Amino acid sequence: MGVFTKEAEVSTPLPPAKAFKAFAVDIENLMPKVAPQTVKSVEVLEGNGGPGTIRKVTFAEGHGLGHAKHKVDVLDKDNLVYAYTVMESDFFNKKIEKISYDIKFAAAADGGSTVKVAATFYTAGDTEVTPDLMAQIKEASEKRALVMKAIESYVLANPDA
């Protein structure tokens, strides 16, 4: 098994607590509402939203993926830290064992937030990290970013959401 991490830092005009609520706490409700062309449904299979919760994301027809199962590892509302592991997905195609995301929300000088994301990929067996695998990961990351932008737009347009 190989392990590699991709890190990213993004900005959002949402204040940290609002961004955390949207992208970590309410994400299961917001994804299918704001991006139905991508996410058909999010179902809680186990838990109450906190650590240990397992969610099944079912993607919309034509998205290119069928489903993914996520397990919440950390949901720290005081320190605005959210961590989860994608433990099953047809994206993996026997090349990826799991992906762990560590996300930290911090105040930005403009009143918005800086969101730091570290995604750690665990390859299955002796799978090598090839340019093709990296291209697939990049494409999936771009699709994920579009859903996050849709959530951001929704929360900006609906401040009480």
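These are legends for five close-up views of a predicted model.

**View 1. The whole chain, with its record annotation.** An unreviewed UniProt entry annotates residues 1–157 as "domain: Bet v I/Major latex protein". Over that stretch, 29% of the chain is helix and 42% is strand. Go from one end to the other and the end C-alpha atoms turn out to be 44 Å apart.

**View 2. The open sheet and the helices packed on it.** Here we have seven strands lined up in the order 1-7-6-5-4-3-2, with antiparallel pairing. Strand 1 (3–12) and strand 2 sit at the edges with a single partner strand each, so one side of each has no neighbour in the sheet. From one strand to the next, the twist averages 20 degrees. Helix 2 (residues 27–34) packs on the sheet, where it touches strand 2, strand 3 and strand 5. The direction of helix 2 makes about 160 degrees with that of strand 2. Helix 3 (residues 131–157) also packs on the sheet, touching strand 1, strand 5, strand 6 (96–107) and strand 7. For helix 3, the angle to the direction of strand 1 is about 25 degrees.

**View 3. I54 and its partners on either strand.** Strand 2 (residues 39–46) pairs with strand 3 (residues 54–59) through six bridges, in the antiparallel sense. Strand 3 also pairs with strand 4 (residues 67–76), again antiparallel, over five bridges. I54 in strand 3 stands opposite E46, and its bridge partner in strand 4 is K71.

**View 4. Strand 1 against strand 7, with S113 picked out.** Ten bridges join these two antiparallel strands, and A8 can be found opposite V117 of strand 7. S113 belongs to strand 7 (residues 113–123). Is S113 buried or exposed? With a relative accessibility of 1%, S113 counts as buried. The side chain of S113 reaches the backbone oxygen of P15 at 3.5 Å. Leaving aside residues up to four places away in sequence, S113 touches V10, S11, T12, L14, P15, P16, A19, A106 and A108.

**View 5. L80, a non-glycine with positive phi.** Look in the loop between strand 4 and strand 5 (81–89) to find L80. L80 isn't a glycine, yet its phi is positive, at about 55 degrees. Its relative accessible area is 14%, so L80 is buried, the cut-off being under 20%.

Technical notes. Residues numbered from 1 in each chain as written. Predicted model: local features only at pLDDT ≥ 70, side-chain atom pairs only at ≥ 80, totals over all residues. Heavy atoms only, no water. Pairing = 2+ DSSP bridges. Helix = DSSP H or I, 4+ residues; strand = E, 2+ residues; numbered from the N terminus. Buried < 20%, exposed > 50% of the residue type's maximum accessible area, 1.4 Å probe, protein only. UniProt positions renumbered as here; feature names shortened; annotations may be inferred. Polar contact = N/O pair within 3.5 Å; in protein donor to acceptor, adjacent residues only side chain to side chain. Contact = heavy atoms within 4.5 Å. Axes fitted to C-alpha atoms, helices over the stretch in contact; angles between N-to-C directions.
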